Amino acid sequence: MQYEIRVEGQMSRTMTDAFPELESCIVSGQTLLFGQVTDEAHLYGLLARFQSLGLHVVEMRRTAL
């Protein structure tokens, strides 16, 4: 499953490095992370990682391959 996750603000390189399985870019002052999510457990793990780093997820969506 391919996902896009939009985070409020511009994440630093150190913060994006905490998500090695995802690519990232800056779009309209927000950070867009995208990539393959293997299963539901992986998805919940990513969300927990965002929360533990104090990041605010603005939007998350599954995209077509």
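**Figure 1. The whole chain, with 2 helices and 4 strands.** From the N terminus on, the order of elements is β-α-β-β-α-β. Helices (H or I, at least four residues) and strands (E, at least two) are DSSP runs, numbered from the N terminus. What you're looking at is a predicted model, where local features need pLDDT of at least 70 and side-chain atom pairs count only at pLDDT 80 or more, while totals for chains, interfaces and linings use all residues. Residues are numbered from 1 along each chain as its sequence is written, and side-chain values use heavy atoms, with hydrogens and water left out.

The C-alpha trace spans about 25 × 25 × 20 Å along its principal axes. A compact globule of 65 residues would have a radius of gyration near 11 Å, and the chain agrees because its own value is 11 Å. That radius is taken over C-alpha atoms, and the globule rule is 2.2 Å times the number of residues to the power 0.38. Of the 65 residues, 28% count as buried; here buried means under 20% relative accessible area, exposed means over 50%, and partly exposed is in between (1.4 Å probe, protein chains only).

As for contacts (heavy atoms within 4.5 Å), residues 24 or more positions apart make up 64% of those with a separation of 6 or more.

**Figure 2. The surface and charges of the chain, with 5 positive and 8 negative side chains.** Lys and Arg count as positive and Asp and Glu as negative, with His and the chain ends not counted. Each charge is placed at NZ of Lys, CZ of Arg, CG of Asp or CD of Glu. On that basis, the centres of the two sets lie 3 Å apart. The accessible surface comes to about 4,100 Å², and carbon and sulfur atoms hold 50% of that. Those areas come from the Shrake-Rupley method with a 1.4 Å probe; for residues, only the protein chains shown count as cover.

**Figure 3. Close-up of the aromatic pair Phe19 and Phe50.** A search of the whole structure turns up 1 aromatic pair. The ring centres of Phe19 and Phe50 sit 4.3 Å apart with the planes at 20 degrees, so the pair is stacked. Phe19 comes from the loop between α1 and β2 (23-27) and Phe50 from helix α2 (residues 40-52), so to speak two distant parts of the chain, 31 residues apart. For the cut-offs: rings of Phe, Tyr and Trp (its six-membered ring) pair if their centres lie within 6.5 Å, and planes under 30 degrees apart count as stacked, over 60 as edge-to-face and the rest as tilted. Phe19 counts as buried because its relative accessibility is 0%. Phe50 also counts as buried, again at 0%.

**Figure 4. Close-up of Val7 in strand β1 (residues 2-7).** Val7 is buried, with a relative accessible area of 0%. Leaving out residues up to four places away in sequence, Val7 touches Gln30, Thr31, Leu33, Phe50, Leu55, His56 and Val58. Glu40 is another story: 33 residues from Val7 in sequence, with 20 Å between the C-alpha atoms.

**Figure 5. Close-up of His56 in the loop between α2 and β4 (57-63).** At a relative accessible area of 46%, His56 is partly exposed. Beyond its neighbours within four places in sequence, His56 is in contact with Arg6, Val7 and Glu8. His56 and Arg6 are 50 residues apart in sequence, yet 8.7 Å apart from C-alpha to C-alpha.

**Figure 6. Close-up of Met15 in helix α1 (residues 13-16).** Met15 is partly exposed, its relative accessible area being 24%. Setting aside neighbours within four places in sequence, Met15 has contacts with Leu53 and Leu55. From Met15 to Leu53 the chain runs 38 residues, and their C-alpha atoms are 8.1 Å apart.

**Figure 7. Close-up of Ser28 in the loop between β2 and β3 (30-36).** Phi of Ser28 is near 50 degrees, a positive value in a residue other than glycine. Most residues other than glycine have a negative phi. Ser28 is exposed, with a relative accessible area of 71%. Between the C-alpha atoms of Ser28 and Val57 there are 15 Å, and the two are 29 residues apart along the chain.
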